[in-house]
Amino acid sequence: MNINEAIEATAKKQKECRGIIIKNVVFGFLFICVVPFVIACILETIFESDSAILIVLIVYIPVDFVIWTICCEKVMTAWYEYPTFYKNVFVRAAIHDVDLNFSYDPLAGISRKEFRKIGIYSPDEFRAEDLISGTYNGIKFSLSEAIDIPNGAKLNLGDSAALNLLSAIVFAWETMKDMQAFSGSVLVCEFYKKFNGQTIVASRTLNTKFIGEKEQMDDTLFNDEFRVFTDDKVEARYLLTHVFMARLRELKIKFAGEMGVSAAFMDDKFYLFLNGAKNKFETTLFSPPPSLEDAAQIKKEISELLSIIDELNLNLDIFK
């Protein structure tokens with residue numbers, strides 16, 4: 001399906017789902033509110049008794065419940081069906097317009113195990129979606145959205161000092177983890193050259209890793225914005241060249257702004273975390289129907305993110 005066909009099909013689906021919701025809301029209002037009132041008024045006139053309204057209510061309550069259940073089910077189905085259709089048809093077509101060989105899975109993304117292993121952000125209540133994968137300029141990659149949902153820690157005071165202290169400790173720990181919550185884009189690339197150690201570059205924002213043995217780089221501006229953790233200092237200096245450090249700072253301004261950019265070199269892969277990058281593929285039933293401009297915007301954003309592979313020279317053998 002080409003992009004024009006996808007736009008037409010998605011707009012048609014949106015109109016259909018909107019119609020289902022409007023129809024069931026109106027139908028439900030009439031049969032739940034209006035119809036019993038009219039019947040009660042008619043019976044009250046015929047029998048000249050105020051108890052007619054009470055009788056109608058008692059008899060009609062089971063009917064109301066059945067109608068309410070059916071209408072709500074149809075409304076909720078239509079409400080969630082359209083965003084799913086939007087992704088499977090329109091977004092998929094837009095991604096194939098970037099490269100026909102790219103695959104897209106709206107329900108997949110970076111695994112919690114992999115996210116946890118890197119350890120830059122807290123992995124609690126982790127959700128990943130909108131996985132795009134393929135090969136770009138000879139580099140295998142996966143690009144997905146990831147959201148680390150905060151727990152919302154609460155401080156519960158007990159009757160004893162010991163319980164209060166324990167509660168405060170737990171609260172502080174949960175709050176610290178919530179501060180490490182992540183919401184943005186994750187790019188994973190298979191590195192051209194194998195390396196032995198692990199090097200992590202964490203943004204100096206409050207929500208990233210800050211405990212561990214840190215390495216100071218020669219670039220003072222880079223040190224002001226990032227913390228470097230490594231178990232191989234020699235290898236880290238091969239990886240974090242002056243050009244790489246400058247480009248990482250530029251990427252922060254271009255893609256993540258105040259939320260920050262973090263990266264990791266481990267298991268022969270390069271990970272880039274754009275915390276604060278917007279969720280690109282979401283819509284609602286009552287959003288404007290998709291257009292060629294929307295498709296062009298999706299293509300532009302994906303191409304810009306993949307250009308990171310070029311900007312960071314990930315297809316080069318940095319050890320040469």
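**A guided reading of the predicted model**

Asp-130 is buried, with a relative accessible area of 1%. The model in which this residue is seen is a predicted one. Asp-130 belongs to strand 2, which covers residues 126-136. Its backbone has a positive phi of about 55 degrees, although the residue is not a glycine. The side chain of Asp-130 also meets that of Lys-87 in a salt bridge, at 3.1 Å from N to O. This pair links distant parts of the chain, since Lys-87 lies in helix 2 and Asp-130 in strand 2, 43 residues apart. Lys-87 has a relative accessibility of 10% and therefore counts as buried, the limit being under 20%.

Positive phi occurs again at Asn-137, where the angle is about 50 degrees and the residue is likewise not a glycine. Asn-137 is placed in the loop between strand 2 and strand 3 (139-148). At 45% relative accessibility, Asn-137 counts as partly exposed.

Attention may now turn to the interior. The largest nonpolar core has 55 residues, and Ile-132, Phe-141, Leu-240, Leu-248, Phe-270, Leu-272 and Ile-308 are those with the most contacts inside it. Helix 2 (residues 51-98) gives the most to this core, contributing ten residues. Apart from this core lies another, of 18 residues, including Ile-120, Phe-182, Phe-229 and Tyr-271. Beyond its neighbours within four places in sequence, Leu-240 is in contact with Thr-199, Val-201, Met-217, Val-228, Met-245 and Phe-265.

Met-245 also appears among the contacts of Asp-219, which, leaving aside neighbours within four places in sequence, touches His-242 and Met-245. Asp-219 is found in the loop between strand 6 (214-215) and helix 5 (220-225). What is the nearest side chain of opposite charge to this buried residue? It is Arg-249, 4.8 Å away, and Asp-219 has no salt bridge. The distance to Arg-249 is 4.8 Å, whereas a salt bridge requires the atoms to be within 4 Å, which is why the pair does not qualify. The side chain of Asp-219 does reach the backbone nitrogen of Leu-221, at 3.0 Å.

Aromatic rings provide a further set of links, with 15 aromatic pairs in the structure. Trp-79 and Phe-286 form a tilted pair, 6.0 Å centre to centre and with 45 degrees between the planes. Trp-79 lies in helix 2 and Phe-286 in the loop between strand 9 (269-275) and helix 8 (292-311), so the pair ties together parts that are 207 residues apart in sequence. Trp-79 counts as partly exposed at 36% relative accessibility, and Phe-286 counts as partly exposed at 45%. Another tilted pair joins Phe-244 and Phe-265, at 5.5 Å centre to centre and 55 degrees between the planes. Here helix 7 (residues 242-256) supplies Phe-244 and strand 8 (residues 261-266) supplies Phe-265, so parts 21 residues apart in sequence are tied together. Both Phe-244 and Phe-265 are buried. Phe-115, Tyr-121, Phe-182 and Phe-273 form one aromatic cluster.

The salt bridges number 14. One of them joins Lys-13 and Glu-16, at 3.6 Å from N to O. Both residues lie in helix 1 (residues 3-47), three residues apart, about one turn of the helix. Lys-13 counts as buried at 11% relative accessibility, whereas Glu-16 is partly exposed, with a relative accessible area of 41%. Asp-267 forms a salt bridge with Lys-117, their closest N and O atoms being 2.8 Å apart. That pair links distant parts of the chain: Asp-267 in the loop between strand 8 and strand 9, and Lys-117 in helix 3 (residues 112-118), 150 residues apart. Finally, salt bridges that share partners join Glu-215, Asp-218, Lys-233 and Arg-237 into one network.

Technical notes:
Residues are numbered from 1 along each chain as its sequence is written. This is a predicted model: local features need pLDDT of at least 70, side-chain atom pairs count only at pLDDT 80 or more; totals for chains, interfaces and linings use all residues. Side-chain values use heavy atoms; hydrogens and water are left out. A nonpolar core is a set of buried Ala, Val, Leu, Ile, Met, Phe, Trp, Tyr and Cys residues joined through side-chain atoms within 4.5 Å. Buried means under 20% relative accessible area, exposed over 50%, partly exposed in between (1.4 Å probe, protein chains only). Helices (H or I, at least four residues) and strands (E, at least two) are DSSP runs, numbered from the N terminus. Contact means heavy atoms within 4.5 Å. Lys and Arg count as positive and Asp and Glu as negative; His and the chain ends are not counted. A polar contact is a pair of N or O atoms within 3.5 Å; within protein, one must be able to donate a hydrogen and the other to accept it, and residues adjacent in sequence count only if both atoms are side-chain atoms. Rings of Phe, Tyr and Trp (its six-membered ring) pair if their centres lie within 6.5 Å; planes under 30 degrees apart count as stacked, over 60 as edge-to-face and the rest as tilted.
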